[in-house]
Amino acid sequence: MHRRRIGKFEQCNGGTLFLDEIGDMPLPLQAKVLRLLQEQRFERLGGNETIQTMSASSPPPTRTWTRRSAAGTFRKDLLYRLNVFTIRLPPLRERRGDLPR
């Protein structure tokens with residue numbers, strides 16, 4: 001029986017997909033993530049239709065990513081794409097009013 005399988009990027013369309021440890025991805029996989037972030041569309045593996053998506057990333061690039069980029073283990077173009085806009089969210093210890101009593 002043939003069944004279509006929906007991947008994570010398609011499942012989260014309209015929502016959020018958190019890519020933890022993106023800095024540890026192999027360079028070829030980083031290139032694919034970069035292409036998705038730039039084009040905001042992809043084709044399902046084995047599919048023949050283009051699926052539009054909207055993308056953002058978290059967490060913001062860190063000094064570690066910058067060092068890895070300089071060392072050649074993290075793509076500079078992906079670092080640039082991820083570092084376009086940063087939202088700083090202070091830890092809860094600095095936002096006591098956000099905690100319920």
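Which side chains meet in a salt bridge at 2.7 Å, N to O? I would like to open with that pair, and I should say at once that what we are looking at is a predicted model, so everything I describe this morning is to be taken as computed from that model.

The pair in question is Asp24 and Arg68, whose side chains come together in a salt bridge at 2.7 Å, taken from N to O. Asp24 sits in the loop between α1 and α2, while Arg68 belongs to helix α3, residues 63-71, and the bridge therefore ties together parts of the chain that are 44 residues apart in sequence. As for how the two partners face the solvent, Asp24 has a relative accessibility of 48% and counts as partly exposed, and Arg68, at 27%, is likewise classed as partly exposed. As a general reminder, side chains of opposite charge can pair when their charged atoms come close.

Let me step back to the overall layout before returning to the charges. The chain contains 4 helices and 2 strands, and if you read along the sequence you meet them in the pattern α-α-β-β-α-α. Of the 101 residues in the chain, 21% are buried, and the accessible surface comes to about 8500 Å², with 52% of that area belonging to carbon and sulfur atoms. If we consider the contacts with a sequence separation of 6 or more, 48% of them are between residues 24 or more positions apart.

Now back to the salt bridges, of which the structure holds 4. Besides the one I opened with, the side chains of Glu39 and Arg41 meet in a salt bridge at 3.9 Å, N to O. Glu39 counts as partly exposed because its relative accessibility is 41%, and Arg41 is placed in the partly exposed class with a relative accessible area of 42%. A further bridge joins Asp77 and Arg75, with 2.6 Å from N to O; here Asp77 is partly exposed with a relative accessible area of 32%, and Arg75 is partly exposed at 27%.

Arg75 also brings us to a residue I would like you to find in the structure, namely Gln30, since Arg75 is among its contacts. Is Gln30 buried or exposed? Gln30, which is found in helix α2, has a relative accessibility of 0% and so counts as buried. Once its neighbours within four places in sequence are left aside, Gln30 is in contact with Ile22, Gly23 and Met25 on the one hand, and with Thr73, Phe74, Arg75 and Leu78 on the other.

Finally, I turn to the largest pocket, which holds about 700 Å³ of space. Its lining is made up of 20 residues, and those that lie nearest the centre of the pocket are Phe9, Phe42, Glu43, Arg44 and Leu45. Which element gives the most to this lining? That is α2, with 6 residues, although α1 (8-11), α2 (27-39) and β1 (41-43) each supply at least two residues of the lining. Sorted by class, the lining of this pocket has 9 nonpolar, 2 polar and 9 charged residues.

To close where I began, I would ask you to keep the pair of Asp24 and Arg68 in view as you turn the model, with the loop between α1 and α2 on one side of the bridge and helix α3 on the other.

Methods:
Residues are numbered from 1 along each chain as its sequence is written. This is a predicted model: local features need pLDDT of at least 70, side-chain atom pairs count only at pLDDT 80 or more; totals for chains, interfaces and linings use all residues. Side-chain values use heavy atoms; hydrogens and water are left out. On a 1 Å grid over the protein atoms alone, a cavity is a set of points where a 1.4 Å probe fits but cannot get out, and a pocket is an open set with protein on both sides within 12 Å along at least five of seven lines; lining residues have an atom within 4 Å of a point. Grid points are joined across faces, edges and corners, and a volume is the space filled by probe spheres set on the points. Ala, Val, Leu, Ile, Met, Phe, Trp, Tyr, Cys and Pro count as nonpolar, Asp, Glu, Lys and Arg as charged, and the others, Gly among them, as polar. Buried means under 20% relative accessible area, exposed over 50%, partly exposed in between (1.4 Å probe, protein chains only). Contact means heavy atoms within 4.5 Å. Accessible areas come from the Shrake-Rupley method with a 1.4 Å probe; for residues, only the protein chains shown count as cover.
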